[in-house]
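Colleague: I would like to go through this model with you. Shall we take it from the overall fold down to single residues?

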Amino acid sequence: MTTGQTKGGKDMTHGICGLGRMGAAMAERLLAQGVDLVVWNRDPAKAAPLVAKGAKQAESPAALAAACDTVITMLYDAAAVEQVYSGPQGLLSAAPKGKLFIEMSTIGPEAILSLGQAVAAAGADLVECPVGGTIGPAREGRLLGLVGGSADAVALARPTLAHLCRRVEHAGPLGAGARLKLAVNLPLLVYWQALREAMGLVSDLSMTPEQLADLMADTSGACMAVKHRAGELAALLAGTGEPGLAFEAKGAAKDLSHMVETASAQGQAMPVTAAARDAFIAAAAGPIAGRDAMTITALDWAALRAARR
């Protein structure tokens with residue numbers, strides 16, 4: 001049995017709803033692996049490059065669910081997930097009994113639990129698998145899969161996830177994957193805001209942006225992201241380049257909000273994360289709208305450097 005087949009040996013058809021940067025990259029990976037793929041996106045034009053590579057295009061989520069054995073959803077937020085699953089012509093309107101849904105969006109654990117109830121009521125299985133990694137790893141099958149769901153459902157999902165992930169970590173029942181994804185993202189997002197403040201402390205030094213970025217990447221406090229992206233950080237500080245869009249600032253603000261809300265529901269205070277959330281919300285609504293989360297690090301740099309010289 002290949003990873004594209006069911007236990008009974010029948011060839012499986014997969015579907016992907018949501019063709020943003022990550023959804024499209026995962027679709028490319030599945031097509032490259034020879035998977036029979038159907039795609040849907042709210043903006044149909046985004047499906048065209050994938051159709052040219054061999055995917056079929058569905059007219060609605062319901063049509064996609066009817067045509068597929070396994071459906072992956074990769075959407076922006078809980079509202080989009082709710083609409084695609086339960087809205088008019090949604091996935092669950094297609095009598096999906098016996099089908100497997102793999103929800104890979106980053107949404108809060110409460111939204112996953114609610115979705116799980118709706119999917120179970122329709123007679124289908126749900127596995128959550130938010131991922132660590134960006135577009136490059138998605139195209140190469142090197143994502144980190146953070147899985148929640150029943151053991152039986154996760155076993156069904158593993159062959160599909162093996163195409164997309166270098167590691168699949170089953171964290172527990174539904175909701176556990178969402179919480180683990182928030183935990184994975186938290187240090188990086190707080191770090192970008194902390195690095196912004198650190199840069200403010202040394203904005204008047206005679207060191208060049210290249211020297212500072214190289215030094216910060218070589219310290220014990222540096223996260224892996226800045227070690228890998230020191231060149232992008234230097235160009236950002238120098239005003240000579242913009243980092244690639246790996247994790248949009250608006251998404252960072254959304255995830256930080258989920259982190260604080262989830263912790264609050266568990267009775268845990270998160271003052272550092274809450275401060276980073278507020279900073280990202282303000283910045284993503286203005287100076288770094290549409291830009292990578294990393295750009296918050298240089299938000300005050302030029303003005304402080306000019307004022308102190």
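Modeller: What follows is a set of questions and answers on this predicted model.

Colleague: How many helices and strands does the protein have?

Modeller: The model is predicted, and local features need pLDDT of at least 70. With that in mind, the secondary structure comes to 14 helices and 9 strands.

Colleague: What radius of gyration does the protein have, set against that of a compact globule?

Modeller: The C-alpha trace spans about 70 × 45 × 35 Å along its principal axes. For 309 residues, a compact globule would have a radius of gyration near 19 Å. The protein's value agrees with that: 21 Å.

Colleague: What share of the contacts with a separation of 6 or more comes from residues 24 or more positions apart?

Modeller: Start with burial: buried residues make up 50% of the 309 residues. The exposed surface is about 13800 Å², with carbon and sulfur atoms supplying 55% of it. As for the contacts you ask about, the share is 65%.

Colleague: Which element gives the most residues to the largest nonpolar core?

Modeller: In soluble globular proteins, nonpolar side chains tend to be buried together. Here the largest nonpolar core has 33 residues, and W192, L195, V226 and F280 touch the most other members. Elements giving two or more residues to this core are α8 (176–201), α9 (209–217), α11 (230–238), α12 (249–265) and α13 (271–284). The top contributor, with 7 residues, is α8.

Colleague: Which residues does L195 contact, leaving aside neighbours within four places in sequence?

Modeller: L195 is one of the residues that touch the most other members of the largest core. Leaving aside those sequence neighbours, its contacts are M216, V226, L233 and T297.

Colleague: How many residues are in the other core, apart from this one?

Modeller: That core lies apart from the largest one. Its members include M22, I72, V154 and L164. The count is 32 residues.

Colleague: Which residue of β2 stands opposite I16?

Modeller: Strand β1 (residues 13–17) is mostly covered, with 5 of its 5 residues buried. T13, G15 and C17 lie on one side, H14 and I16 on the other. β1 pairs with strand β2 (residues 36–40) in the parallel sense over 5 bridges. Opposite I16 stands V39.

Colleague: Which helix does the chain pass through from β1 to β2?

Modeller: The route is a β-α-β crossover, and it is right-handed. The helix spans residues 21–32 and is α1.

Colleague: Which residue of β4 stands opposite H14?

Modeller: β1 also runs parallel to strand β4 (residues 70–73), joined by 4 bridges. Opposite H14 stands T70.

Colleague: Why is β8 described as largely enclosed by the rest of the structure?

Modeller: L143, G145 and V147 point one way from β8 (residues 143–148), and L144, L146 and G148 point the other way. Residues on both sides are buried. Strand β8 is therefore largely enclosed, given its buried residues: 6 of the 6.

Colleague: Which residue of β9 is the bridge partner of L146?

Modeller: β8 has an antiparallel pairing with strand β7 (residues 131–132), over 2 bridges. There V131 has G145 as its bridge partner. With strand β9 (residues 165–172), β8 pairs in the parallel sense over 6 bridges. In β9, the partner of L146 is E169.

Colleague: Which helix joins β8 and β9 in a β-α-β unit?

Modeller: The unit is right-handed. Its helix covers residues 151–164: α7.

Colleague: Is I112 buried or exposed?

Modeller: I112 is in helix α5 (residues 109–121). Beyond four places in sequence, I112 touches E103, I107, L126, E128, L174, G175 and A178. Its relative accessibility is 1%, and the cut-off is under 20%, so I112 counts as buried.

Colleague: And D255, buried or exposed?

Modeller: D255 lies in helix α12. Leaving aside neighbours within four places in sequence, D255 contacts T106, L182, N185, L189 and F247. With a relative accessible area of 3%, D255 is buried.

Colleague: What is the relative accessible area of A95?

Modeller: A95 sits in the loop between α4 and β5. Its phi is near 50°, a positive value in a residue other than glycine. Q89 is in the loop between α4 (78–86) and β5 (100–103), and phi of Q89 is near 60°. A95 is exposed, and its relative accessible area is 64%.

Definitions and conventions
Residues are numbered from 1 along each chain as its sequence is written. This is a predicted model: local features need pLDDT of at least 70, side-chain atom pairs count only at pLDDT 80 or more; totals for chains, interfaces and linings use all residues. Side-chain values use heavy atoms; hydrogens and water are left out. Buried means under 20% relative accessible area, exposed over 50%, partly exposed in between (1.4 Å probe, protein chains only). A nonpolar core is a set of buried Ala, Val, Leu, Ile, Met, Phe, Trp, Tyr and Cys residues joined through side-chain atoms within 4.5 Å. Contact means heavy atoms within 4.5 Å. Two strands pair if DSSP finds at least two bridges between them. A crossover is right-handed if, with the strands pointing away from the viewer, the path from the first strand over the helix to the second runs clockwise. The radius of gyration is taken over C-alpha atoms; the globule rule is 2.2 Å times the number of residues to the power 0.38. Accessible areas come from the Shrake-Rupley method with a 1.4 Å probe; for residues, only the protein chains shown count as cover.
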